[in-house]
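Colleague: I'm new to this one, so could you show it to me and then let me quiz you about the words you use for it?

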Amino acid sequence: MALSDEPAAGGPEEEAEDETLAFGAALEAFGESAETRALLGRLREVHGGGAEREVALERFRVIMDKYQEQPHLLDPHLEWMMNLLLDIVQDQTSPASLVHLAFKFLYIITKVRGYKTFLRLFPHEVADVEPVLDLVTIQNPKDHEAWETRYMLLLWLSVTCLIPFDFSRLDGNLLTQPGQARMSIMDRILQIAESYLIVSDKARDAAAVLVSRFITRPDVKQSKMAEFLDWSLCNLARSSFQTMQGVITMDGTLQALAQIFKHGKREDCLPYAATVLRCLDGCRLPESNQTLLRKLGVKLVQRLGLTFLKPKVAAWRYQRGCRSLAANLQLLTQGQSEQKPLILTEDDDEDDDVPEGVERVIEQLLVGLKDKDTVVRWSAAKGIGRMAGRLPRALADDVVGSVLDCFSFQETDKAWHGGCLALAELGRRGLLLPSRLVDVVAVILKALTYDEKRGACSVGTNVRDAACYVCWAFARAYEPQELKPFVTAISSALVIAAVFDRDINCRRAASAAFQENVGRQGTFPHGIDILTTADYFAVGNRSNCFLVISVFIAGFPEYTQPMIDHLVTMKISHWDGVIRELAARALHNLAQQAPEFSATQVFPRLLSMTLSPDLHMRHGSILACAEVAYALYKLAAQENRGLGGQLMRQAVCVLIEKLSLSKMPFRGDTVIDGWQWLINDTLRHLHLISSHSRQQMKDAAVSALAALCSEYYMKEPGEADPAIQEELITQYLAELRNPEEMTRCGFSLALGALPGFLLKGRLQQVLTGLRAVTHTSPEDVSFAESRRDGLKAIARICQTVGVKAGAPDEAVCGENVSQIYCALLGCMDDYTTDSRGDVGTWVRKAAMTSLMDLTLLLARSQPELIEAHTCERIMCCVAQQASEKIDRFRAHAASVFLTLLHFDSPPIPHVPHRGELEKLFPRSDVASVNWSAPSQAFPRITQLLGLPTYRYHVLLGLVVSLGGLTESTIRHSTQSLFEYMKGIQSDPQALGSFSGTLLQIFEDNLLNERVSVPLLKTLDHVLTHGCFDIFTTEEDHPFAVKLLALCKKEIKNSKDIQKLLSGIAVFCEMVQFPGDVRRQALLQLCLLLCHRFPLIRKTTASQVYETLLTYSDVVGADVLDEVVTVLSDTAWDAELAVVREQRNRLCDLLGVPRPQLVPQPGAC
């Protein structure tokens, strides 16, 4: 948990629902064994072909990558895979490309399983040394395509170096001819290793492994170790980390040295350790910007330090008697305490002198703890732990003290993080004695809440995460009695981190640490109860943590006050506005758990914070004051006020609302005028608020107004103060004519939020003003949001005033209901679009919701006010919306439609075809149908086409869906329409009614791009699928004649490419209708063959060609071949003069008059 990279502070948190969880241990065995065997068996066939070779490689990578998280499943199969591949390598007849391919496969296996496991399977007999060495020798280090070969060969060579025979025995007679000597095996291997330590590819890593195995051999170290170390130190001294080649050289050399000092015997390496350390100091690696070099430097330094010190187990270390969790729990259930075993380690070397180099090593490791990269800090922390385990107690305690110095507020977050990692490592190894726990726990508690602001964000997530790791490690390292004095502080801090930390990884780390302490220590208060609620997965959702889990945990008195203190101290002034808001709401919930503490201590602290110069603190404290005051309004109330930008406006509006709801005794006080001014000013200047905060600001102001008016503007029960009513209504109605759209939105909603007593006597005036807002005029056609909010206000006012006969100025009644319905229904045709898309959707959705609310209101009280024609129009309009293309909008429309249909308290009167509708949409199916899914919605909605009242509107909606852009919507709407038309093929009357409705929609929406283009696409679909084949038996059928006329009008003079392309498709399908319709359709197509746009000419020619082949009776057999030849051979995107000649030739062949050239755009 503590090894996470430093976060991008301030980024939005991915909550638990949005995370991709890694499902560990999902596989049980290597399931692709047969396929892999076949794949490896075919390598000899595919190695030469580029495509087949790449396919085989990629398939093998895919198979192996599945086992990245469970590589042990490959173990039973590694041997036969290696044997198959090495057979290829060892076959003298194998071409080089095949050998390289085999090594690529070997590398892929190594990458997944790891070279340490795979290495043991390489043949490593004496007889293998020279063949492998020869293979390495012939490789070209500059061949970038075969680096896997060199990498694997070097690893193979490294394992052959482990043979228990002196290499000199393999040399034989080095004098091959008089005067000529060949190199010994030992020299050849060393030369190869040195040459590959400075290459730029991954072979450098394998060379380091080879060196560590080779140099540490008994026969090699005597003659070659000093020479190699000298070569390495010279390389380091000559190289600079400021050049690319220098970085490569230093990387390989440092890897080799670190491996040698790790695997070599101490007595062999000790004579050279001081020299290597001095050289390393001279390289100044901490100044490098290369993370890998700094990490290798730290790794080598700690290995040198371990070489200086004798290997031993510190006699003074703390050792917990029982580390098994199961045994621990068993002892606890038996009432026994863990017994510490007697540690029999000699202490005679406790006073040994510590070599002088050790101090320098520890100093460099302490510097590494403050490195800017996590991997370097982690390596340094492990080095500190290893070194401290070999030091005398006094010196190890000095190291602990130096680590604690990292936790100064003068240090950076990097030092805090490194310090936490080091403390965890020391504690895990038993090197942090109980006497130091007082100091250590103090800094860890600070680290658990470490959060330093940096500009608009903060740093410290990694520090808090590492502090949780320390707590996790301590749970495993110490006896419960050692940690008992700190249980209260640690448990509270971990609970707070698990519930209130901003970042999900910190919350989960704290939850894991808390769980470990509950299991290992058994002393955390209410540990099991808390874990069942705040487990690893539950804390993934931040809102749930702040608002739900926190309330449960605060029910335990040990945690209540620390949680509230943390929210007030740390979270109310947090840099993230979301955290401030959540903290305020959490304080509201927690105040009920500790009302006296909140009233006497928390609230005064929050009030003092509202005067802070820090905007974040002012904003958070005002929100918190509002929430706490509302939670404690029966106990106390304090006046608090402050302004400062949009954050403060929103916070003060919330405060006004909560104080009003708390019935503060401010009636007649001048403070009410100030509150009213603030609300009005906020609503008037909504357009100055940033778009992402505007809706929250608007809602806060309107809610504050509603609470304020209800509490302070009532003169007598049910009666408003006349002066206030006159001023407020007049002012708000005037603002509805403001040229700023957002101002209209704000004051529309404000009028809708007014209590009934303020509307009494002024209802007609208010409704007239709001109806004007919902009306679309040329100057405000783009004001979709104001029309939406106007509709919401009308519906809310109707709910507020209710229904009452004969009182048009006080309630909804017969005198004004038709005007209200007219305004609402008029907005059902709002299809305004702008750069944001179909913004009319907002208006139509609000209109549907408002129609439903008003209709249900009337049905409950005076259903006779719902007239038949009004109800029919409502149901038809909503049915149309339920068949359109936007998924979430369609679902909302269906919900409204079914609510109106199934309402029975009492039923809505005059619903057309109620009986048929209830059969089509039974109540039992309402909950199970997902109307936002096209596959479920369209098969049901198309059934309404069989009901004459609904046919026009449903078909209009389907046409728009059918001609849309979303593939799933088009597919399912088309299938549903075809299913319906298939069912009416045998009913000429039904088919005639359907075709008449389709033509009526075309005629009503002629030149309406929103409908006409999708309609042309729909016509193309239905004609192509033979839905009107019955009409083709009659010459010049009225449907075809009218359709042809409408299509000609629609595309006349059009420059819309999509419309023209759709028109071409329809004209092509209309040639199946015999008579004059066919001739006119062919004439239109001939006109389009000379259209001004080359794309139109080419598309027309292509589609006419396909049409004539499909409908072979259109053209006589004697001219068909010639017509097809002209269509296919002519370059229709050529000059119009050339094209026109071929077009005219086609006209003659098809028997249609040649078009006459006229100065008319769009055709020739």
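Modeller: Sure, ask away.

Colleague: Why is N1053 called partly exposed?

Modeller: Its relative accessible area is 41%. Buried means under 20%, exposed means over 50%, and partly exposed is what lies in between (1.4 Å probe, protein chains only), so N1053 counts as partly exposed. N1053 is in the loop between α50 (1038-1051) and α51 (1057-1070), and its phi is near 60 degrees, a positive value in a residue other than glycine. One caution: this is a predicted model, where local features need pLDDT of at least 70 and side-chain atom pairs count only at pLDDT 80 or more, while totals for chains, interfaces and linings use all residues. Residues are numbered from 1 along each chain as its sequence is written, and side-chain values use heavy atoms, with hydrogens and water left out.

Colleague: What is there to say about phi and exposure at H913?

Modeller: H913 isn't a glycine, yet it has a positive phi of about 55 degrees. With a relative accessible area of 23%, H913 is partly exposed too. H913 lies in the loop between α42 and α43, and P906 is in the loop between α42 (887-902) and α43 (914-920). A cis peptide bond joins S905 and P906, with omega about -5 degrees.

Colleague: How do you know that K698 is buried?

Modeller: Its relative accessibility is 1%, and therefore K698 counts as buried. K698 belongs to helix α33 (residues 691-712); helices (H or I, at least four residues) and strands (E, at least two) are DSSP runs, numbered from the N terminus. Apart from residues up to four places away in sequence, K698 touches L686, C745, G746, L749, R788 and D789, where contact means heavy atoms within 4.5 Å. K698 and L749 are 51 residues apart along the chain, with 8.5 Å between their C-alpha atoms.

Colleague: And T253, buried or exposed?

Modeller: T253 counts as buried, because its relative accessibility is 0%. T253 sits in helix α12, and leaving aside neighbours within four places in sequence, T253 is in contact with L197, S232, N235 and L236.

Colleague: What makes F1031 and F1039 a tilted aromatic pair?

Modeller: Rings of Phe, Tyr and Trp (its six-membered ring) pair if their centres lie within 6.5 Å; planes under 30 degrees apart count as stacked, over 60 as edge-to-face and the rest as tilted. By this rule there are 27 aromatic pairs. The rings of F1031 and F1039 are 5.5 Å apart centre to centre, with 50 degrees between the planes, so this pair is tilted. F1031 and F1039 are both buried, and together with Y980, F994 and F1028 they form one aromatic cluster.

Colleague: How do you know that a charge sits over the ring of W80?

Modeller: The rule asks for NZ of Lys or CZ of Arg within 6 Å of the ring centre and within 35 degrees of the ring normal. The charged end of R37 sits over the W80 ring, 4.0 Å from its centre, so the distance fits. R1010 likewise lies over the face of Y831, 3.4 Å from the ring centre.

Colleague: What does UniProt list for residues 873-1059?

Modeller: An unreviewed UniProt entry lists them as "domain: Tubulin-folding cofactor D C-terminal"; UniProt positions are in the numbering used here, feature names are shortened, and annotations may be inferred rather than shown by experiment. Over residues 873-1059 the chain is 67% helix and 0% strand, and the end C-alpha atoms are 31 Å apart.
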